[in-house]
Amino acid sequence: MGSIAKKGLQQYLIQLQQHPLRTKMITAGTMSAISDIVAQKLTGIQKIQFRRLLLKVIFGAAYLGPLGHFFHILLDKIFKGKKDTKTVAKKVVVEQLTWSPWNNLFFMIYYGLVVDGRPWIHVKSKIKKEYPTVQYTSWTFWPVVGWVNHQYVPLQLRVVVQSVVACFWGIFLNLRARSMPLTKG
C-alpha cells in the first residue's frame, strides 16, 4: 500500500511540475469538494446536495486555484523569492491585507448569490453581520499558515498547502454561511 501512495505522490509532483496551473486548479477543486461534503454532513444534510457541491468545486477550481497560483508567483517576484524573517513577515502582511479580506468577502458573496440563490439584499445583510467576525477569525488563523507556507514551502507547493488547509477553513466558512436563516425574500 505504501508504494501505491508513494507512486501516486510522485505522479502528482510530476503533474505539478509539468502542468502547475491545471494541477493546482484540480487540487483546489478537489479540496473544495471534500470541504463541502464534510460541511454538509456536519450540518445534518442527509443526502449530498450535488448542485451545491458542483458550485463549490467550480469556486475552488476556477477561482481559488488560479488566483493562488498567480498570487504566490507575484509575491515571490515582488519580494525576489527571499525567505529571511523580515521578507516572510512582509509577504504575510501583504497576503493578510489583500488576499485574505478579498477571498472571504468574495466567498460570502458567491455563496449567498450563487450557491444559495439569495437576493442581494439578504447577502448584503449577511455580509454586514458576519464578515467582521469571519475576517477577524481569518486573521487569527491564516497568518500562521502564511508564515509556514512562505518560510518553509517551495513556491510550487504553496497553493497545494493552502488548498489543504483551506479545506478546513472552507468547512468553517460553510458552517458560518449556513447559519443564516433560509428565507429567500
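D36, R52 and K56 are linked in a network of salt bridges. The model is predicted. Within the network, D36 and R52 form a salt bridge whose closest N and O atoms are 2.7 Å apart. This pair links distant parts of the chain, with D36 in helix 2 and R52 in helix 3, 16 residues apart. Are the two partners buried or exposed? D36 is buried, because its relative accessible area is 0%. R52 has 3% relative accessibility, so R52 counts as buried too.

**Other salt bridges**

The whole structure holds six salt bridges. Two of them share D76. K91 and D76 form one of these, and this pair joins K91 in helix 4 to D76 in helix 3, 15 residues apart. D76 also meets R158 in a salt bridge. That pair links helix 3 to helix 7, and D76 and R158 are 82 residues apart.

How far apart are the N and O atoms in these bridges? The table gives the values.

| Salt bridge | N to O distance |
|---|---|
| D36 and R52 | 2.7 Å |
| K91 and D76 | 2.7 Å |
| D76 and R158 | 2.9 Å |

K91 counts as buried because its relative accessibility is 0%. D76 is at 13%, so D76 counts as buried. R158 is at 1% and therefore counts as buried.

**Aromatic rings**

The structure has eleven aromatic pairs. One of them is F141 with W169. Why is this pair called stacked? The ring centres lie 5.7 Å apart and the planes meet at 10 degrees, so the pair is stacked. F141 lies in helix 6 (residues 120-152) and W169 in helix 7 (residues 155-178), so the pair ties together parts 28 residues apart in sequence. F141 counts as partly exposed because its relative accessibility is 32%. W169 has a relative accessible area of 9%, so W169 is buried.

There is also an aromatic cluster. Its members are F59, Y63, W102, F106, F107, Y110 and Y111.

**Surface patches**

Which residues form the positive surface patch? They are K80, K82, K86 and K90. K82 sits in the loop between helix 3 (50-78) and helix 4 (85-97). K82 counts as partly exposed because its relative accessibility is 45%.

I34, V38, L42 and L175 make up a nonpolar patch on the surface. Together they have about 310 Å² of accessible area. Helix 2 (residues 20-42) gives the largest share of this patch, three residues. I34 is in helix 2. I34 has 38% relative accessibility, so I34 counts as partly exposed.

Terms used:
Residues numbered from 1 in each chain as written. Predicted model: local features only at pLDDT ≥ 70, side-chain atom pairs only at ≥ 80, totals over all residues. Heavy atoms only, no water. Patch = residues over 30% accessible without salt bridge, like charges linked within 9 Å, V, L, I, M, F, W, Y side chains within 5 Å. Areas by Shrake-Rupley, 256 points an atom, 1.4 Å probe, with all protein chains shown as cover. Salt bridge = Lys/Arg side-chain N within 4 Å of Asp/Glu carboxyl O. Lys, Arg positive; Asp, Glu negative; His and termini not counted. Charge placed at Lys NZ, Arg CZ, Asp CG, Glu CD. Helix = DSSP H or I, 4+ residues; strand = E, 2+ residues; numbered from the N terminus. Buried < 20%, exposed > 50% of the residue type's maximum accessible area, 1.4 Å probe, protein only. Phe/Tyr/Trp six-rings, centres within 6.5 Å; stacked < 30°, edge-to-face > 60°.
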